[in-house]
Amino acid sequence: MTNGWIDIGNSDVILAMGGNPAENHPCGFKWVMEARKNRGARLVCVDPRFNRTAAVSDCFVQIRAGTDIAFLGGLINHTLSHGLHHEEYVRLFTNGPFLVKEGFSFKDGLFSGYDPITNTYDKTSWQYEQDSKGYVKQDPTMQDPRCAFQLLKRHYERYTPEVVSQITGAPVKEFLKTAEIVCSTGTPDKAGTIMYALGWTHHSFAVQIIRAAAILQLLLGNIGRPGGGLNALRGHSNIQGGTDHGMAYDKLPGYLKTPPVSHQDLKDHLRENTPRALTPTSLNYWENYPKFFVSFLKCMFGSHANKENDFCYHYLPKIERDYSWVNLFDDMYQGRLEGMLCFGMNPVANGPHSNKMIAALSRLRWLVVAECFETETAQFWKAPGIDPSTVNTEVFLLPAANFAEKDGSFTNSARWAQWKWKALDPPGEARADQEILASIFQRVCKLYQQGGGTLPEPILHLNWPYSNPTNPSLEEIAREINGRAVADLKDEKGEVVLKKGQQLSSFAQLRDDGSTACGNWIYCGSFTEEGNMMMRRGLRDPSGLGMFPGWTWSWPANRRIMYNRASCDAQGRPWDPTRVAIQWDGEKWVGDTPDYRPESPPEAGLGAFLMLPEGVGKLFAPDFAEGPFPEHYEPVESPVKNILHPMVSPNPLAKTFKSDMDRYGSPEEYPVVCTTYRLTEHFHYWTKHITVNSELQPEFFVEIPEGLAEELGIKNQQMVRVTSARGSVQGKALVTKRIKPMEINGRRVWQIGIPIHWGFAGRVTGPLANLLTPTALDPNCSTPEYKGFLVRVERV
């Protein structure tokens, strides 16, 4: 989230797309209702199904699953073609004026630089024109045909209401009604927000959907403003915290980069990841990458890390390819892995292609599962159709404490890191995760010490400074994450500003000389000499906007609205004086923690997007795998060809697999579009183990449109079979008016929906929804395409 849950209550227009917050985030959704009640805000819902959010919306539009970029592209075109963008904001705070190299082009579904042999892009032509000093050339009028603003206009002029309708199935009239509401916020006195969740992230072009939404919000001037923003709704209470701390294979804590094999020494890695400013006014805060990275290495390896040995940089693993978990399971299926430790994840149920997950686990020698319930993964050899006598995997189930049985912090969608307290002790032999991990770590160390082994130093030299090494205190770990001074820190005058051993108060204190240690730079300030900031429960709200700066702690720097300098005009005056995030008081920026240099006057003109080398938000972004502008591509399994470029129909860079189990369906055999979703009454694959939730939603079902049911002779509650190229599921039909037939470029297309929560383990059981889903991944972040694939439906 750029903003936060409470701030949604400050919005004038709320677009819920790629998520169903009334169903899946009911506590957070109250802020939508507050905005409607107190501000007369309008709620727009765009989704493949008429869901609970749609039921209370002012405007609902049904679209075909997987066509979100086409719909958002239509909104971008509507904004630009009708002059509804916030022109001064775009000029000040985006790269709209930046000139792009002459060689950049887009034709027939492909951007310039595409190599059909390697299926990758050479991004040379996607770069900016630069002057002799290395700064980007700009046209402040944004009229140059090579400036990002004009390139954007040309790219999206194809996305007319008629084309949007042909691709998405949304009637032109309904699209235009949506556009009128959503695009009305490009003025200083209005603010609109977008709420999205897994309906956007579960596609083979997921990142580019979010990029399209970011472009729209930048054009409307809604980033950095109270009531604005692009707000990701995380699906679990601490998924944001997990992401922040390096949950992805290619990220270290604080979104530092996992080194590739080409970075053999620290100098190489820092050079390649420390950007230079692209404009004279860019703060370019990632230029501090060496301080963040070296401080992380000092935290990891303590006294063993010093300047002479590159701070133990060589201990870090170096990656040469995609090691995301779907790829790891492909390795496992190919027999390349011997064992796996699985904590807090249920990959058999998570999928995609659960049959392949089960087959892969069957080829391991050993599997360790730490869980509070015996999940499908913990008993994969009991899956329907599996002969246990053919499975040689040795499975260890370690009983683990659940969230109520341990203390620590949760970081919610709004980036608020909130401390929680243990409600009760775990039952029986169950242990907290840190105790399980610490016990394994201590025993592995002992094995290395007794018997040697290849490269033991990265394990034996790990910094383990806890008072109880076999069960570390989470408060001690939180202090370590925040960071401390390893030596006295001195200012430019040579005076000591922080003594050795003291807690850091800000990431601005981090050094690259080994004098600071910090487990995660964006959490620096969360546990200072004043104590655990995450425990705070202050109720003062000077802004009147629900920021509550004394309630817990928000990364980075306790900032509640990111990019908040963009909430003011060039003179430092808030665009909307009734909703003030920050403002210039003549000496400094006051209000929320400024996402800016606090004493820099407006006339200095420093860039409002301080992390980026451009200093501004990106309408044109060469960072991504398949193009600097989001383009509509069809899902890997689609009922139709891409009408914009039939020869390049799905995302050309989408990741697919080639094992004997990886099969992809055609519309001739599987003519119906299927999408998956969640229900309020269940939490993922967890609560089917709990009585009360199981009573509320005891049974798997298939949501089928009335017209399709009539065609197939299916009545409500009759058993139906849904089959994809990978597997099939059976359940009762829920025949509904909530999904309408769609006319897609002159062809009738049906969609169905299935909830995900069941499996063969639990108090109530049912088919695994992910028996159906394809192993097709986004090329930027490797998320699977759960939200739009092909199936066949029949009565049992």
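**Figure 1. Glu-371, a buried charged residue without a salt bridge.** In this predicted model, Glu-371 belongs to strand S13, which covers residues 366–371. Although Glu-371 is buried, its side chain takes part in no salt bridge. The nearest side chain of opposite charge is that of Lys-406, at a distance of 8.7 Å. A salt bridge requires a side-chain nitrogen of Lys or Arg within 4 Å of a carboxyl oxygen of Asp or Glu, so the pair Glu-371 and Lys-406 does not qualify. Which residues does Glu-371 contact, leaving aside its neighbours within four places in sequence? They are Gly-344, Met-345, Leu-397, Leu-398, Pro-399 and Ala-400.

**Figure 2. Cys-445 and Cys-518, two cysteines in no disulfide.** A disulfide is a covalent bond between the sulfur atoms of two cysteines. The structure contains zero disulfides. For Cys-445, the nearest cysteine sulfur is that of Cys-312, 14 Å away. Is Cys-445 buried or exposed? Cys-445 counts as buried, because its relative accessibility is 9%. For Cys-518, the nearest cysteine sulfur belongs to Cys-524 and lies 4.6 Å away. The two sulfur atoms of a disulfide must be within 2.5 Å, and therefore Cys-518 and Cys-524 do not form one. Cys-518 has a relative accessible area of 2% and is likewise buried.

**Figure 3. Thr-765, a partly exposed loop residue.** Thr-765 is found in the loop that runs between strand S33 (751–755) and strand S34 (776–777). With a relative accessible area of 48%, Thr-765 counts as partly exposed, because that class lies between the limits of 20% and 50%. Not counting residues up to four places away in sequence, Thr-765 touches Trp-758, Gly-759 and Phe-760. How many residues apart along the chain are Thr-765 and Thr-124? They are 641 residues apart, and their C-alpha atoms are separated by 53 Å.

**Figure 4. The whole protein, as the setting for the close-up views.** The secondary structure of the protein comprises 21 helices and 35 strands. Its C-alpha atoms occupy a box of roughly 85 × 70 × 55 Å along the principal axes. The radius of gyration is 26 Å, which agrees with the value near 28 Å for a compact globule of 796 residues. Of these 796 residues, 57% count as buried. Among contacts between residues at least 6 apart in sequence, 71% join residues at least 24 apart. The protein exposes about 32,100 Å², of which carbon and sulfur atoms supply 53%.

Methods:
Residues numbered from 1 in each chain as written. Predicted model: local features only at pLDDT ≥ 70, side-chain atom pairs only at ≥ 80, totals over all residues. Heavy atoms only, no water. Buried < 20%, exposed > 50% of the residue type's maximum accessible area, 1.4 Å probe, protein only. Helix = DSSP H or I, 4+ residues; strand = E, 2+ residues; numbered from the N terminus. Lys, Arg positive; Asp, Glu negative; His and termini not counted. Contact = heavy atoms within 4.5 Å. Rg over C-alpha atoms; globule rule 2.2 N^0.38 Å. Areas by Shrake-Rupley, 256 points an atom, 1.4 Å probe, with all protein chains shown as cover.
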